[in-house]
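Colleague: I would like a close look at a single part of this model, with attention to the charged side chains there and to their surroundings. Please take one residue as the starting point and work outwards.

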Amino acid sequence: PVEQTKWLEERLASWGLDFAVRGQLIGVYRRTGQFAKAIALCDDRLAMQPYDVNAHMLAAVIHESLGEWDKAMARYKAALAISPENVSAMIAAANCSISAEKNEEAVKWLGDALAVLVRQLLDELVVLHQQRAERAGGQRVLIVGNGRAGSGGEALIVWRTARHGGAPEWL
């Protein structure tokens, strides 16, 4: 690791923004217990690329491995502020909450993740049914009452096809 660390540090000094090199060096620092250096590299990356979700996630994982639950959670929340439907960040935040013995918070994170996954699944179903309807000479899929996460709304999918005289089929 010493030779690899030196080589990576030299590359980073000369290449600057190269996240692949930075990521490898962060990994070496993590494996060798140099957590402060690893977090500093994540922060350097964020100073250059403030919307880098991966840098927030990686810093969060390091904080979590050190038992720094509040710092880890702040990083997960920062990642979610950039990418609000990042299911990986929500699940990681739930795991962090469990480690911090904040079970109610973990349930909320898992509920949010499930809501996003259901919405993504419904979006995929809409596309599939639209394609099916188009192939069958139909009109399109219509979504009625599509609720957002936590709103309690339900999605109702109606598929109309010309083959059935335009009468709706409830799916």
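Modeller: Arg-75 is a suitable starting point: its relative accessible area is 14%, and the residue is therefore buried, the limit being under 20%. The model is a predicted one, and the values that follow are computed from it.

The side chain of Arg-75 forms a salt bridge with that of Asp-43, with an N to O distance of 2.7 Å. Since Arg-75 belongs to helix 5 (residues 69-82) and Asp-43 to helix 3 (residues 35-48), the pair ties together parts that are 32 residues apart in sequence. The two partners can also be set side by side in terms of exposure. Arg-75 is buried, whereas Asp-43, with a relative accessible area of 33%, is partly exposed.

Arg-75 also leads to a histidine. Leaving aside neighbours within four places in sequence, His-63 is in contact with Arg-75, and likewise with Ile-39, Glu-68, Lys-71 and Ala-72. His-63 itself is found in helix 4, which covers residues 53-65. Its relative accessibility is 7%, so His-63 counts as buried. Arg-75 thus has a salt bridge to Asp-43 and a contact with His-63.

The wider setting is as follows. Side chains of opposite charge can pair when their charged atoms come close. A search of the whole structure finds 5 salt bridges, and the one between Arg-75 and Asp-43 has been described above. Another joins the side chains of Asp-52 and Arg-45, at 2.8 Å from N to O. In that pair, both Asp-52 and Arg-45 are buried.

A further salt bridge is formed by Arg-119 and Glu-85, whose closest N and O atoms are 2.6 Å apart. Arg-119 lies in helix 7 (residues 103-135) and Glu-85 in the loop between helix 5 and helix 6 (87-99), so this pair ties together parts that are 34 residues apart in sequence. Arg-119 is buried, with a relative accessible area of 8%, while Glu-85 is partly exposed at 32% relative accessibility.

One charged residue is placed with respect to an aromatic ring. Lys-108 lies over the face of Trp-109, at 4.3 Å from the ring centre. As for rings paired with one another, the count comes to 0 aromatic pairs.

To return to the part in question, buried Arg-75 meets partly exposed Asp-43 in a salt bridge, and is in contact with His-63 of helix 4.

Notes: Residues numbered from 1 in each chain as written. Predicted model: local features only at pLDDT ≥ 70, side-chain atom pairs only at ≥ 80, totals over all residues. Heavy atoms only, no water. Helix = DSSP H or I, 4+ residues; strand = E, 2+ residues; numbered from the N terminus. Buried < 20%, exposed > 50% of the residue type's maximum accessible area, 1.4 Å probe, protein only. Contact = heavy atoms within 4.5 Å. Phe/Tyr/Trp six-rings, centres within 6.5 Å; stacked < 30°, edge-to-face > 60°. Lys NZ or Arg CZ within 6 Å of the ring centre and 35° of its normal. Salt bridge = Lys/Arg side-chain N within 4 Å of Asp/Glu carboxyl O.
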